[in-house]
Amino acid sequence: MNPQQDLFDPLAREVLAVAPGRAHDLARLRVLARTQAAPTITVVGKYNHGKSRLLNELMGRDVFAVADRRETVTLSEHHHAELRWLDAPGLDADVALQDDSHAQEATWLQADVRLFVHAAKEGELDAAETHLLQALRQDQQRTRRQTLFVLTQVDQMSDDEQLAKVSAAIQTQAPGLRLHPVSSTRHRSGVEGGKSLLLQRSGIPALQALLREVVEQVPAAREHERGLLFTEIGQQLQHQQAAVEATLLALRQRQQQQRHDFEQGLQAVLKKVHQDLLPIVELQGDDPALLPDSASDEFRLTAGKRERARIHVAYSRACIAIRAHLIQHGVEGLPASQRTSVASLDTVMVAVLGVSIKYRADLRRQFCEPAGQAQLMASFLHYYELSEDRQALQQQILRSEAERHAHERALRALARLREGAGA
Ligand SMILES: Nc1nc2c(ncn2[C@@H]2O[C@H](COP(=O)(O)OP(=O)(O)OP(=O)(O)O)[C@@H](O)[C@H]2O)c(=O)[nH]1
Ligand SMILES: [Mg+2]
């Protein structure tokens, strides 16, 4: 692994943190980051269709194991003629308990060029093959990674007419597809017997020539693919980031607006309370409420009792007005950390105002003088911010900010990856 790839993984993780769906693209970019890597040719197709043998014939050496059963079960590679040849297991939904992860890795992660192998004697493509071929052709449009369709074992056809029939059937399934018919056995006999006609009829030399052309296009195709993947991921991140920004902005506006509404409303309530209390607090001369009752007054309605009752009622009315405003804004109970064992005391009203006000002077100080009003305002705002809904909103904003931060990090990481990968 070169130093560039050591850097790749931590940066890729930053991107993946906000775009987990891009795991495959990042893994492919990691492969593409090996700047000097030889073009990789791999095979894809069902088992026993002649994939390993085809690679051997193309290279002109028996490197990969060939057998008349399911043979290749893992990836094996061989470097030859400045190319990396990658043999892969067959893709077969009908062979139980074998997953296709090796084959998938070769086809989608490692390959620059894929040879789609299908044995002529099998006739038409089955549903899985048709589907895969279509996906590969679409991928070619997008990434410029080429797939060549190789019709193998054509020596097994009884005559040219039968071969033409199979070819036509396949072209109906995959319109516009170019077929490359080959026979590995003919090629081997041709090589060993020095028979040039047989060699030519094997289709292998023609496929070798085509491969050389295709391989020459690999550097440009890689360049294109790198640019494409970086651009796509970058656009996705930008798009997501814009959405996060918009959410954050809306949340902050809501936070401000709510506070503003609460504050304005409370001010209006306190102003009203002040006015309502004026006739009570603006008493001139002696305060009858302060006159103590004697024991003989116990069952009599005295001036002192009447005045104290008036003060109490006025205070209750003030509390009702304030409490209505608090409840309307979701402020009622105390935050968990401030609760006592007496539930009736665990209210914001009690926390701010105490249990009761009995004296006219206290009423005036608390509700009618600027310092008292300012203190009420500050205390209620304090508990307002601690109320459940406000706290939940604050948490939402913090999460959104973290998300925005993660996107900024991801975009920076992507830019660094792009520089490092030279795309
Ligand atoms: N007659 C004939 N037989 C072939 C040809 N190519 C391959 N075979 C035979 O087909 C069988 C399977 O070949 P492999 O190359 O092992 O097939 P594979 O697709 O790699 O199979 P798996 O590794 O199991 O996926 C072997 O017995 C080969 O000798 C060909 O062109 N003509
Ligand atoms: Mg094989």
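A cavity is a set of grid points where a 1.4 Å probe fits but cannot get out. With that picture in mind, here are some close-up views of this predicted model.

**View 1. The largest cavity holds about 70 Å³ of space**. Let us start inside the protein. Its lining brings together R28, D112, V113, R144, R145, Q146, V214, Q217, V218, A221, R222 and E225. Which helix gives the most to this lining? Helix α10, which covers residues 218-281, does so with 4 residues. Sorted by class, the lining has 6 charged residues, 4 nonpolar ones and 2 polar ones.

**View 2. The second largest cavity offers about 50 Å³**. Look here for R28, V31, L32, R34, A37, A38, T40, R84, Q110, D112 and R222, the residues that line this space. R28, D112 and R222 also appear in the lining of the largest cavity, so keep an eye on them as you move between the two views. Helix α2 (residues 23-32) is the top contributor to the second largest cavity, giving 3 residues. The classes here are 5 charged, 4 nonpolar and 2 polar residues. A search of the whole structure turns up 4 cavities of 30 Å³ or more.

**View 3. Strands β2 and β3 form a hairpin**. One residue from the previous view returns here: R84, which lines the second largest cavity, sits in β3 and stands opposite H79. How do β2 and β3 run relative to each other, parallel or antiparallel? They are antiparallel, and 5 bridges join β2 to β3 (residues 83-87). Between the two strands lie 2 residues, and A81 in the turn has a positive phi of about 50 degrees.

**View 4. Two residues hold out oxygen atoms to a magnesium ion**. Which protein atoms are the donors of this ion, ligand 2? They are OG of S52 and OG1 of T72, at 2.0 to 2.1 Å from the magnesium. This pair links distant parts of the chain, with 20 residues separating S52 in helix α3 (residues 51-59) from T72 in the loop between α3 and β2 (76-80). Are these donors buried or exposed? Both S52 and T72 are buried.

**View 5. The largest pocket encloses about 410 Å³**. Helix α3 comes back into the picture here. Of the 24 residues that line this pocket, N48, H49, G50, V66 and Q153 lie nearest its centre. Two elements, α3 and α7 (184-193), give two or more residues to the lining. The largest share comes from α3, with 3 residues. What is the make-up of this lining by class? There are 11 polar, 8 charged and 5 nonpolar residues.

**View 6. The second largest pocket has a volume of about 240 Å³**. Its lining counts 13 residues, and those nearest the centre are Q140, T147, L148, L177 and R178. At least two lining residues come from each of α5 (127-143), β5 (146-152) and α9 (204-216). Which of the elements gives the largest share? Strand β5 does, with 4 residues. This lining divides into 6 polar, 5 nonpolar and 2 charged residues.

Notes:
Residues numbered from 1 in each chain as written. Chains lettered and ligands numbered in written order. Predicted model: local features only at pLDDT ≥ 70, side-chain atom pairs only at ≥ 80, totals over all residues. Heavy atoms only, no water. Donors = N, O, S within 2.8 Å, 3.2 Å for Na, K, Ca; no water. Buried < 20%, exposed > 50% of the residue type's maximum accessible area, 1.4 Å probe, protein only. 1 Å grid on protein atoms, 1.4 Å probe; cavity = no way out; pocket = protein on both sides within 12 Å on 5 of 7 lines; lining within 4 Å. Points joined across faces, edges and corners; volume = space filled by probe spheres on them. Nonpolar A, V, L, I, M, F, W, Y, C, P; charged D, E, K, R; others polar. Pairing = 2+ DSSP bridges.
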